[in-house]
Amino acid sequence: MRDRHQRRLDCGLRIAAMVGINIPTTPVDHQHIALKAVPGHEFTHDTPCLRDPDNLVYMRQEQGGLVIGGYEPTPIARWIDGVPWEHGSSTLPSNFDQFEMLLEGAIKRLPFLEQAGIITLVCHPGAYTPDCQPMLGPMAGVRGFWMAAGMSLNGYGGAGGMGKLIAEWIIDGEAPMDVYSYRATRFGNYYSDPVYAAERTKESVKYYYRLRFPHDEHENARPHRVSPVHYRLLEHGAVFGEKFGWERVNYFQPGKPSRRMGEDQRQWGWSKPPFFERMGEEHKATREKVTLFDLTSFGKIEVKGKGALPLLQKLTDSDINKPIGSAIYTQFLNTRGGIRIRSDRYAFGRRCFWVITGSSFIANDLARIQMHVDEKTAKYPFVILHRSMPVSLCGDRMLARCWRRSPAMKFRMRRILT
């Protein structure tokens with residue numbers, strides 16, 4: 001019988017590789033300690049499980065004592081290029097120095113644990129995704145390949161529900177509930193670099209219990225991707241956030257050095273953010289003057305070929321058959337009429353369309369299209385030009401006249417004035 005403290009490590013990455021698919025699951029060490037019962041402080045079998053995020057630990061009773069685990073701020077990743085097949089269910093040598101701060105947190109919560117004897121400290125890597133959420137559902141490119149992986153954090157608790165969901169999804173062709181944030185396609189090929197995927201995964205494990213404020217940004221593996229104007233923005237005091245690997249300006253601090261945001265909101269808590277007034281100035285400038293938005297990070301999918309128009313007509317709720325140069329705001333629907341994608345369509349030819357979608361939606365949205373077509377798709381840089389921008393900024397002297405007739409067009413920037 002397998003030791004009760006062992007569990008089988010997800011080998012999903014290697015299984016997926018067999019069919020030519022990359023999935024970003026990274027093994028991260030997870031340790032738990034078993035403590036003997038302290039006389040006078042024994043726990044009964046009906047003692048509830050306890051989570052203490054302030055001290056980064058969880059605990060449950062076992063034989064009158066406790067089993068304690070947690071999520072330290074410096075997790076250790078291993079085998080980032082694939083789990084050895086021979087690993088199976090085996091544990092690894094424990095690391096008390098790594099676990100010590102978690103034990104101290106548990107003692108802080110229950111001081112009498114300082115008297116408890118240690119039975120064992122177990123280390124077993126678990127399979128985690130870059131956002132610490134499971135990967136569920138079909139994958140584009142391999143028809144009939146379904147995924148249920150990366151469930152180290154919620155496998156036991158969610159196995160029944162996720163199994164039921166996958167079964168109904170396979171039978172009915174649509175998920176019975178909204179699982180957009182769990183879709184196996186959400187990472188796309190942007191996490192194909194195992195080092196980048198591992199760094200982002202370690203950070204998500206760090207914050208599994210640690211409080212992350214709404215305005216906090218990722219800190220690991222930055223900068224990963226930057227736009228063509230990134231270094232120009234650095235000169236103007238840009239404060240960068242991050243979206244799907246892209247460095248994006250959250251706001252500007254003129255006269256101050258440029259920087260990347262991290263745990264910034266811990267400094268001001270839930271009060272008015274320091275960029276509140278600055279955002280108001282930028283909003284006013286956009287309404288009353290002219291603003292150039294850098295949409296490099298947005299998802300751009302080119303759908304072209306003889307079947308492009310019929311495909312988009314089938315998947316969306318708007319009439320895509322518009323004159324060349326048209327911009328159409330529309331939505332991709334599922335078979336029940338529910339919204340799958342909200343995006344813009346730009347018609348650049350009778351058989352050529354661009355689908356513009358949000359930075360963090362591109363992987364799911366591209367997969368949705370690929371699952372309905374065999375034609376090759378590609379992504380290109382894209383810039384939206386404000387209608388009142390001076391013609392002198394662009395190489396095409398006819399731009400102003402054409403822009404009045406066609407809100408969607410390609411052009412080449414000659415220079416950017418500031």
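**Figure 1. Strands β8 and β9, side by side.** Strand β8 (residues 238–243) and β9 run antiparallel, with six bridges joining them. Look for Phe240, which stands opposite Val249 in β9. Step back a little and a third strand comes in: the open sheet has the order β9-β8-β10, and its pairing is mixed. At the edges sit β9 (246–252) and β10 (259–260), each of which pairs on one side only. Keep in mind, here and in every other view, that this is a predicted model.

**Figure 2. The whole protein, before the other close-ups.** Here's the wider setting: the protein has 10 helices and 14 strands. It counts 418 residues, and 46% of them are buried. How much of the contact between residues at least 6 apart in sequence joins residues at least 24 apart? The share is 65%. On the outside, the protein exposes about 22,600 Å², and carbon and sulfur atoms supply 53% of that area.

**Figure 3. Helix α2 and what its buried residues pack against.** Helix α2 covers residues 96–109. Its 14 residues, at 1.5 Å a residue, should span 20 Å, and the end C-alpha atoms are 19 Å apart, so the helix agrees with the expected span. At the start of α2, have a look at Asn95: one of its side-chain oxygens reaches to within 3.2 Å of the backbone nitrogen of Asp97. Which residues of α2 are buried? They are Gln98, Phe99, Leu102, Leu103, Gly105 and Ala106. These buried residues pack against four strands, namely β1 (26–35), β3 (57–62), β4 (65–70) and β5 (118–128).

**Figure 4. A salt bridge along helix α3.** Side chains of opposite charge can pair when their charged atoms come close. In this view, Lys164 and Glu168 do just that, meeting in a salt bridge of 2.6 Å, N to O. Both residues lie in helix α3 (residues 155–172), four residues apart, which is about one turn of the helix. Is Lys164 buried or exposed? Lys164 is exposed, with a relative accessible area of 51%. Its partner Glu168 counts as partly exposed, at 26% relative accessibility. This pair is one of 20 salt bridges in the structure.

**Figure 5. A salt-bridge network around Glu203.** Start with helix α4 (residues 194–206), where Arg200 and Glu203 are three residues apart, about one helical turn. Their side chains meet in a salt bridge of 3.7 Å, N to O. Both ends of this bridge are tucked away: Arg200 is buried, with a relative accessible area of 2%, and Glu203 is buried too, at 1%. Glu203 also forms a salt bridge with Arg212, with the closest N and O atoms 3.1 Å apart. Arg212 is partly exposed, at a relative accessible area of 30%. Which residues end up in one network through shared partners? Arg200, Glu203, Arg212 and Glu242 do.

**Figure 6. Strands β6 and β7, with alternating side chains.** Strand β6 (residues 135–138) pairs with β7 in the antiparallel sense, over four bridges. One pair to pick out is Pro138 and its bridge partner in β7, Trp146. In a regular strand the side chains alternate between the two faces of the sheet. Follow β7 (residues 146–149) and you can see that pattern. Met147 and Ala149 point to one face and are buried, while Trp146 and Ala148 point to the other and are not.

**Figure 7. Thr185 in its loop.** Thr185 sits in the loop between α3 and α4. Is this loop residue buried or exposed? At 10% relative accessibility, Thr185 counts as buried. Its side chain makes a polar contact of 2.4 Å with the side chain of Asn364. Apart from its neighbours within four places in sequence, Thr185 touches Pro138, Met139, Ala140, Ala363, Asn364, Ala367 and Met371. Among them, Pro138 will be familiar from the previous view, where it is the bridge partner of Trp146.

How values were computed
Residues numbered from 1 in each chain as written. Predicted model: local features only at pLDDT ≥ 70, side-chain atom pairs only at ≥ 80, totals over all residues. Heavy atoms only, no water. Helix = DSSP H or I, 4+ residues; strand = E, 2+ residues; numbered from the N terminus. Expected span 1.5 Å × (residues − 1). Buried < 20%, exposed > 50% of the residue type's maximum accessible area, 1.4 Å probe, protein only. Contact = heavy atoms within 4.5 Å. Polar contact = N/O pair within 3.5 Å; in protein donor to acceptor, adjacent residues only side chain to side chain. Salt bridge = Lys/Arg side-chain N within 4 Å of Asp/Glu carboxyl O. Areas by Shrake-Rupley, 256 points an atom, 1.4 Å probe, with all protein chains shown as cover. Pairing = 2+ DSSP bridges.
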